[in-house]
Amino acid sequence: MMWSPRDSDFKKLVQTLPKEKGWLGPDLYFYQGFWYPTRILKAFISFQNHFQAFNSDIIVATFPKCGTTWLKALTFSTLYRNQFPWDENPLLTFGPHQLVRFFEHDLYLNNPFPDLQNVCVYQPRLFSTHVSYTSLPTSIKDSGCKIVYICRNPMDMLISFWQFMTKVQDGESLSLDEAFDKFYHGIIVHGPCFDHVLGYWKASQENPNKILFLKYEDLKEDTGSHLKNLAMFLGVPFTDDEEKQGVIEKIAKICSFENLKELEVNKKGAHISRVPHTGFFRKGEVGDWSNYLTPFMIECLEKLIQEKLNGSGLTF
Ligand code: A3P
């Protein structure tokens, strides 16, 4: 189906889709197995139908609140490290979401044919998406372009998303009980999270040269060795000289939560989706869920995680 959703066609489509109340803000619609607010759905359909990948493209793909901002910073700094002087790393003056732009939350919003020519200052092109693996444009799946994916313990996803929503939707609030109930039933933007994670997990198992699958917890524990793998995967391995000069440590440091959070650029302004940049930096810790979830919620989620991941080889 090659179409740019004109308003009337799009409205007709939306009327046929299952609908649920969103966490806060707009309703969510179920399309191709995942939940979207209409604004993002429309942009996603344009992206799905029109984006033409280059073999050299790199895509940062994530489930929301799993470390997108961090992985954008790490991938950008690793991939382009020889294209700017170290003390002029654009991360010092631009937010990670300005440097690595989202397809459906940014470039294709209100524009079915964005001019992608000038979007990426450096080469190869680097983009990002929260779209599920199954729904990616064919040209991404069939071309030689590479995907870097990150996920996270679902309990931390839930708490991070819940905190993010209450911060972003000024004045509105959603109880943890309500958030838990929605998350448990898979009702969350770009969810169900397990389908999202397993889609990329299985694809990465089948094609490890195309998809690098990372976990937030592993990256936290040993950023350096994962950066080495990332560089290798991207086709820009660190040289012995770079290792000796501490380039890996420098990248890890500039992209660290503590550094990015304190940069002036990340303390002001907003992402194109109206999210303040500060909304992307909260605690940056593993296991913060234990400060919020009740024993009942933990038991339910542990069972759910076990049931959903059973037999997949993926664990949290
Ligand atoms: P918390 O809410 O648990 O603090 P995303 O970028 O996908 O929206 O994910 C946001 C989560 O990643 C938030 O988690 C945020 O604090 C954390 N985060 C942002 N930048 C980070 C960084 N440089 N290192 C580690 N975690 C980071």
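Colleague: Which residues line the largest cavity?

Modeller: In this predicted model, the lining of the largest cavity consists of Leu-71, Leu-74, Leu-214, Leu-219, His-226, Leu-227 and Leu-230. Helix 3 and helix 11 (223-234) each give at least two residues to that lining. Helix 11 provides the largest share, with 3 residues.

Colleague: Why is this space called a cavity?

Modeller: A cavity is a set of grid points where a 1.4 Å probe fits but cannot get out. This space is therefore called a cavity because the probe cannot leave it, whereas a pocket is an open set. Its volume is about 40 Å³, and the structure holds 1 cavity of 30 Å³ or more.

Colleague: What makes up the lining of the largest cavity, by class?

Modeller: There are 6 nonpolar residues, 1 polar residue and no charged residues in that lining. Leu counts as nonpolar, whereas His is not on the nonpolar or charged list and therefore counts as polar. His-226 is thus the polar residue of this lining.

Colleague: Where is the ligand placed?

Modeller: The ligand takes up the space of the largest pocket. The test for sitting in a pocket is that more than half of the atoms of the molecule lie within 2 Å of the grid points of that pocket. The largest pocket encloses about 1,000 Å³ of space. Its lining has 50 residues, and Pro-64, Lys-65, Phe-164, Val-275 and Phe-280 are the closest to its centre. Two or more lining residues come from each of helix 2 (38-50), helix 3, helix 7 (154-168), helix 10 (216-221) and helix 14. Helix 7 gives the largest share, 7 residues. By class, this lining has 23 nonpolar, 16 polar and 11 charged residues.

Colleague: Which residues are closest to the ligand?

Modeller: The ligand is surrounded by 18 residues, and the closest are Lys-65, Thr-68, Thr-69, Ser-160 and Lys-283. A residue is near a molecule if one of its heavy atoms lies within 4 Å of it. Helix 3 (68-79) and helix 14 (257-262) each supply at least two residues of this shell, and helix 3 gives the most, with 3 residues. The shell divides into 8 nonpolar, 6 polar and 4 charged residues.

Colleague: How do you know that Thr-69 makes a polar contact with the ligand?

Modeller: An N or O atom in the side chain of Thr-69 is 2.5 Å from an oxygen atom of the ligand. The cut-off for a pair of N or O atoms is 3.5 Å, and 2.5 Å falls within it, so the pair is a polar contact. The backbone gives two further examples. A polar backbone atom of Lys-283 lies 2.7 Å from an oxygen atom of the ligand, and a backbone N or O atom of Phe-257 is 3.2 Å from a nitrogen atom of the ligand. These distances are also within 3.5 Å, so both pairs are polar contacts.

Modeller: The ligand on its own exposes 560 Å², and the protein buries 98% of that area.

Colleague: How many residues line the second largest pocket?

Modeller: The second largest pocket has a lining of 15 residues, and Asp-7, Phe-10, Arg-39, Lys-42 and Asn-110 lie nearest its centre. Helix 1 (7-15) and helix 2 each give two or more residues to this lining. Helix 2 provides the largest share, 5 residues. The space in this pocket is about 240 Å³. Its lining comprises 7 nonpolar, 4 polar and 4 charged residues.

Colleague: What is the phi angle of Lys-65?

Modeller: Lys-65 has a positive phi of about 70°, although it is not a glycine. Lys-65 is found in the loop between strand 4 (58-62) and helix 3. Lys-65 is also one of the residues closest to the ligand.

Colleague: Which omega value goes with the peptide bond from Gln-123 to Pro-124?

Modeller: The omega of that bond is near -5°, and the bond is cis. Pro-124 is placed in the loop between helix 5 (103-107) and strand 6 (126-129). Another cis peptide bond runs from Gly-191 to Pro-192, with omega near 5°. Pro-192 is in the loop between helix 8 (176-184) and helix 9 (193-206).

Key:
Residues are numbered from 1 along each chain as its sequence is written. This is a predicted model: local features need pLDDT of at least 70, side-chain atom pairs count only at pLDDT 80 or more; totals for chains, interfaces and linings use all residues. Side-chain values use heavy atoms; hydrogens and water are left out. A polar contact is a pair of N or O atoms within 3.5 Å; within protein, one must be able to donate a hydrogen and the other to accept it, and residues adjacent in sequence count only if both atoms are side-chain atoms. Accessible areas come from the Shrake-Rupley method with a 1.4 Å probe; for residues, only the protein chains shown count as cover. On a 1 Å grid over the protein atoms alone, a cavity is a set of points where a 1.4 Å probe fits but cannot get out, and a pocket is an open set with protein on both sides within 12 Å along at least five of seven lines; lining residues have an atom within 4 Å of a point. Helices (H or I, at least four residues) and strands (E, at least two) are DSSP runs, numbered from the N terminus. Grid points are joined across faces, edges and corners, and a volume is the space filled by probe spheres set on the points.
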